[in-house]
Amino acid sequence: VLTGEADKAITVSAMALSELEAYSSSAVASFEYTIFAACAKPTAIPATTDTAFTMLAPGSFINLASATANTSIYYTVNWVTNGSLPANKPATMLYDDATAIVMPNKANAIFTIRTIVHSNDNTFVDSGVTQFTYQMPAQVNAVYVSPSQGSVVTGTQVQLKCSTADAKIFYRIFASKPAD
């Protein structure tokens, strides 16, 4: 593994020796390398980890960024439902800050974004591939209310809400607590 300062030359010199001393040693060979700086790998908001997917509702926005100036981010998206990939292969797209990436509406799907950062003026070499993985919840989030439950005056308007996109709330009103 070669490491060093960007734009500096590194020389690797090597020779081969015979372990059994059956041959004389080879000539010394020298190899020169120049270390180039790479674009910073992109980050995603919301963030993900290699060990845990981030849960996102359909329609949620995923934003990408790179700390390296004058770059473009290219990405592919793929999703898995019921353990299988879609029939079509993902196309590489140019990321646009204005539109971001929108979480698709695929029930219980795993949504993977693979990215690479490219230097627009070729000052840096491309970043390595970075992967971000999201999952749509398999269940609709629980209903919550506003105002909170408790004592209220007659005529109080109670709003039933759900944070799951496109969820429909069905309800009944009982004069007393219903039996489980």
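**Close-up views of a predicted all-strand model**

**View 1. Ser30 and its surroundings.** Ser30 has a relative accessible area of 48%, so this residue counts as partly exposed. The model shown here and in the views below is predicted. Ser30 belongs to strand β2, which covers residues 29–34. Leaving aside residues up to four places away in sequence, Ser30 touches Thr11, Val12 and Ser13. With Ser13 there is also a polar contact: the two side chains come to 3.2 Å of each other. Another residue to find in this view is Ala14, which is 16 residues from Ser30 along the chain, while their C-alpha atoms are separated by 6.5 Å.

**View 2. Thr54 in strand β4.** Thr54 is found in strand β4, a strand that spans residues 54–55. Is Thr54 buried or exposed? Its relative accessible area is 17%, and the cut-off for buried is under 20%, so Thr54 is buried. A polar atom of the Thr54 side chain lies 2.6 Å from the backbone oxygen of Ala47. Ala47 is also one of the residues that Thr54 touches, when residues up to four places away in sequence are not counted. The others are Pro46, Thr48, Thr133, Tyr134 and Gln135.

**View 3. Strand β10 and its partners.** Strand β10 runs over residues 130–135, and five of its six residues are buried. Which strands pair with β10 in this view? Strand β4 pairs with β10 in the parallel sense, over two bridges. In that pairing, Met55 stands opposite Gln135. Strand β9 (residues 110–119) runs antiparallel to β10 and is joined to it by six bridges. Here Ile113 has Phe132 of β10 as its bridge partner. Strands of a sheet pair through backbone hydrogen bonds, and the pairing can be parallel or antiparallel.

**View 4. The open sheet β3-β5-β8.** Three strands make up this open sheet, in the order β3-β5-β8, with antiparallel pairing. Why do β3 (43–45) and β8 (101–102) each have one side without a neighbour in the sheet? Both stand at the edges and each has a single partner strand, so one side of each is left free of a neighbour. Strand β5, residues 61–65, pairs with β3 over three bridges in the antiparallel sense. Across this pairing, Ala44 stands opposite Leu64 in β5. In a regular strand, side chains alternate between the two faces of the sheet.

**View 5. The largest pocket.** The largest pocket has a volume of about 810 Å³. It is lined by 23 residues, and those closest to its centre are Val145, Val158, Leu160, Arg172 and Ile173. What kinds of residue form the lining of the largest pocket? There are 14 nonpolar, seven polar and two charged residues. Empty space of this kind is found by rolling a probe the size of a water molecule over the atoms.

**View 6. The whole protein, for orientation.** The protein has 12 strands and zero helices. From the N terminus on, its elements therefore run as β after β. Of its 180 residues, 22% count as buried. Among contacts with a separation of 6 or more, 56% are between residues 24 or more positions apart.

Key
Residues numbered from 1 in each chain as written. Predicted model: local features only at pLDDT ≥ 70, side-chain atom pairs only at ≥ 80, totals over all residues. Heavy atoms only, no water. 1 Å grid on protein atoms, 1.4 Å probe; cavity = no way out; pocket = protein on both sides within 12 Å on 5 of 7 lines; lining within 4 Å. Points joined across faces, edges and corners; volume = space filled by probe spheres on them. Nonpolar A, V, L, I, M, F, W, Y, C, P; charged D, E, K, R; others polar. Pairing = 2+ DSSP bridges. Helix = DSSP H or I, 4+ residues; strand = E, 2+ residues; numbered from the N terminus. Buried < 20%, exposed > 50% of the residue type's maximum accessible area, 1.4 Å probe, protein only. Contact = heavy atoms within 4.5 Å. Polar contact = N/O pair within 3.5 Å; in protein donor to acceptor, adjacent residues only side chain to side chain.
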